[in-house]
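I opened this entry to look up how some of the strands pair. I wanted partners and directions written down.

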Amino acid sequence: MNVFDALQGAAPGMQIVSNSGAPGSSSFVSIRGASTFSDEGVSPLYVVDGVVVDNIDDISANDIKQIDVMKDAASSAIYGARSANGVILITTKSGESGKPRIDARYQHSFYTVARKLPQVNAFESRLSMAASDLNNPSKTLEKFSARTDSVGMQFSTNYYYQDLLFRTGGRDDASVQISGGSKGFKYRASLNYIGEKGVILESGNDKYTANVNVDYEPWKNIKFTTRVRLSYNKTNNIKETVLQDAMRRDPDMIIWYPDGELIPYYSSGGRRNPIAELKQKLDERSTYRGNFYQGITWTFTPWLRLDADISADYTSNRNLTFSSKYLEGSDNGKNTGADKSQQTWKYAGEAYLNFNKTIAKDHSLSAMVGSSFEVSNQLAYNIAGSFFLSEDIHYMNLATVKDVKNINTTGWDEAMVGVFGRVVYSWKSRYTVTGNLRFDGSSRFGKNNRWGSFPSVSAAWRVSDEPFMRWANNILTDAKIRASYGITGNDKIGRYESQTVYTAGSQYYNSVGGIVPASKYGNPDLKWEQTKQTNIGVDLSFLNGRIMFVADYYIKKTSDLLSDYNLPSTTGYDKMRVNLASIENKGVELSLTATPVRTRDFNWSTTVNWWKNDNKILDLAREDYINSAWLIAAGKPAGLFYGYKNLGVYEYDASNAWTQDYKTRLTPVFKRDNEGNVVIGLNGQPTLEKYLNPDGTEYTGKIAQMKVNGVVAGGGDVIWYNKPNENGELDGVINSNDQTELGKANPDWFGSWGNTLTYKDFSLSFNFYVSWGGQVWNDLKRYYCSWGGNTHKQTPEYIMQGWKYPGEITSWYALNSKQRKTNNHSMSLSDQFLEDATFIRLQSVRLSYSVDPKFLGKTPLRSVQAYIYGNNLLTWTNYTGYDPELSGGVLTPGKDSSKYPRKREFGFGFNIGF
């Protein structure tokens, strides 16, 4: 289990969603909702051993000692103005005084895909082809031409593509640590390796990390702290859309020639060979990273201390891509490749004075003042070409044709400086008041507003220490009421959006390059986003800590939101970044931890977390607008789905009958035989006798009919919701004006339940995670159920249940929708493909056994533990896709469009200490 999996559900208010199930993929993290429109700016600030880092992907979970999540403005403000989205503090393990200790750990696991989707077989494929043209007598469901060549290469197979693409993956996780030290010198060093084989062919990841922590006190009042972290990561990515490409492919199209050679794209009937897409395409990413930290603590007096540190972070990325000539649509011998490299340097440092003194026993006063700086820069190189001389060697000098438009170098640099201070006063630890103030300057903003000020204040009252609460001391061990208010900032925008930027190397005229302005106009008045957060909380401890309860309520409002503003085309620019919009998040967080049973041999501890967050866009930098399938509007929540409402399917052509104002749908009455069956004429339609009103009376007025795309809808077409105009009138024409709010992507609330049971030397832990409410746009299903040609297969559900004849009652539109102009399958979003995102997941189970130390007394072993475990074991959900838990943008979340599926993991391991 990686760091993000361990954090999911551990802290109320923190949402963690895996961006992909692929090996080496990262996770989307959000604390107390999104306080910005920028997808890059949603992530919290990560601080590892006092150093701000961009991500924690290179940190081994074995090296982590403690993780703290700072959510309210008062606790997070001191860590920098970029803490508007919360702060995650990670402290790595250090050495301890004593003899050297060696700890070895090995873990092996097996991966399987958590869920597979239904796919058509060869027979259903023929049904699909027959139904594509119901008006053609030679293509009926009762009679169709069979593919009878049992030895032919093209039509003699029946592939279930998911069985070909998925495999049993796995992970090997090994580490060794050595630690020890004396009174003035402590050390810890570790080496870690994780090798993953993904559940989709060819995907994998190898990660090596090394960590060295040294604490050295050459003198009584001076301490040096050294941290070195090195990592190497190599990932083989795959094209995640290979699943949707495969499942729309005809199952009787061949994959291999009889000699075992993969069939090329240009010979596979217009559908890509999914196995070839994985084996003949390379997307390899290598990352080297080194982080170096040196700190010093100089204690002048018992109440005055100086802390200073400096750090350097270097990252080198290389992304090598190659696509075989056999993946091209024509046999022209063209293969393509690219080599991209990035080198990023980051230097940071800070120094601050700490004052801490107790006055007259009851009064405690502490203060801190300091400053910090951070400088970063990057250089990137890109070269691309085609017609390589070899399919197996991918060095760019083998490309006989260079892609001039994609050969370039880019770079950037940025800087930030800050000045900060904090004062804390406490009386008997009963009343505590804290004040923070920070000034930060960022090069990302315009020269007119480069600096921002971010104050915060908090107060705490330990009610349990009051004399009037002594009567409850036997039950209420500790009780504290907290309140805080603060302002934090965010600078996650483009590095040069305060300036008008020019670019070269991407635009050519008659093969001659030039310099052109970028499409975005610079705004010198750009300034920090400001998030004002109010938090009220209570901490309760009962029965000497056997029951602990924490509750928080917060309101978080971000103003001066950084948003794009559309410019008139006459300016020559598309847009400009401005500070205009605002968004608000409100939420409740509850956490209950208890130890219901505690005996000599048996112990049970349990934790229940529950939280919810409601957001609302207060203002926009522009008019309300639709972004693909989401409504972005003031007064509405972010992530609001907007599209067409599906009310059912017309059974007959005559079923499309409405009153003249289109407000009431009429019921047709047809001629029936003596058995009560509707009589179908030679024209394939029933004989209409009359129409009835909803109350059963006969309708004698004029009949109106709905039109879609200028065509009158008939049997098998979708009954679309006709939205009233501002006067409440209906026009009977389905177009973009009929789109409406369909639901929201963000869940209503989250919950988790974690348990640990120990009996003597055995320990069992298991965790559940709940996401309740919200919707998922199953765009993968919509994609399958659309038509893209005769070789485009649909889902078995659609093929079996799609409308086929007059009078059929079904929720699926006509199977021959490809031949129609009524847009049954081509609407960008309809609620037919919005599904409930609720799920309950058995997230992890672990059973371990630790050998009693008394059995190890005469051996060099200090400890031995063996365990088995499982992750993502069960998921209860109504969602029909791979998984209802999806990451996504702030304004456009909840779309499932064929991401790498989540894995189910089973494994075992052991830990040995010497």
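My notes on strand pairing follow.

Entry 1. I note at the outset that the model is predicted.

Entry 2. I began with strand S26, residues 575-598. What joins S25 to S26? I found 18 bridges, with the two strands running antiparallel. Strand S25 covers residues 547-566. Asn566 in this range stands opposite Lys575 of S26.

Entry 3. I then looked up S27, which spans residues 602-619. S26 and S27 run antiparallel and are joined by 15 bridges. I picked one pair from this ladder: Ser591 has Asn609 in S27 as its bridge partner. How many residues lie between S26 and S27 in their hairpin? I counted three.

Entry 4. Next I checked strand S23, residues 520-521. S23 pairs with S26 in the parallel sense, over two bridges. Here Lys520 has Lys575 as its bridge partner in S26. So I have met Lys575 twice: Asn566 stands opposite it, and Lys520 is bridged to it.

Entry 5. I moved on to another sheet. In what order do its three strands lie? I read S45-S42-S48, an open sheet with mixed pairing. Its edge strands are S45 (834-836) and S48 (895-896), each pairing on one side only.

Entry 6. I looked closer at S42, residues 775-778. S42 pairs with S48 in the parallel sense, over two bridges. Trp777 stands opposite Lys895 in S48.

Entry 7. I add a general reminder. Strands of a sheet pair through backbone hydrogen bonds, either parallel or antiparallel.

Note on methods: Residues are numbered from 1 along each chain as its sequence is written. This is a predicted model: local features need pLDDT of at least 70, side-chain atom pairs count only at pLDDT 80 or more; totals for chains, interfaces and linings use all residues. Side-chain values use heavy atoms; hydrogens and water are left out. Two strands pair if DSSP finds at least two bridges between them. Helices (H or I, at least four residues) and strands (E, at least two) are DSSP runs, numbered from the N terminus.
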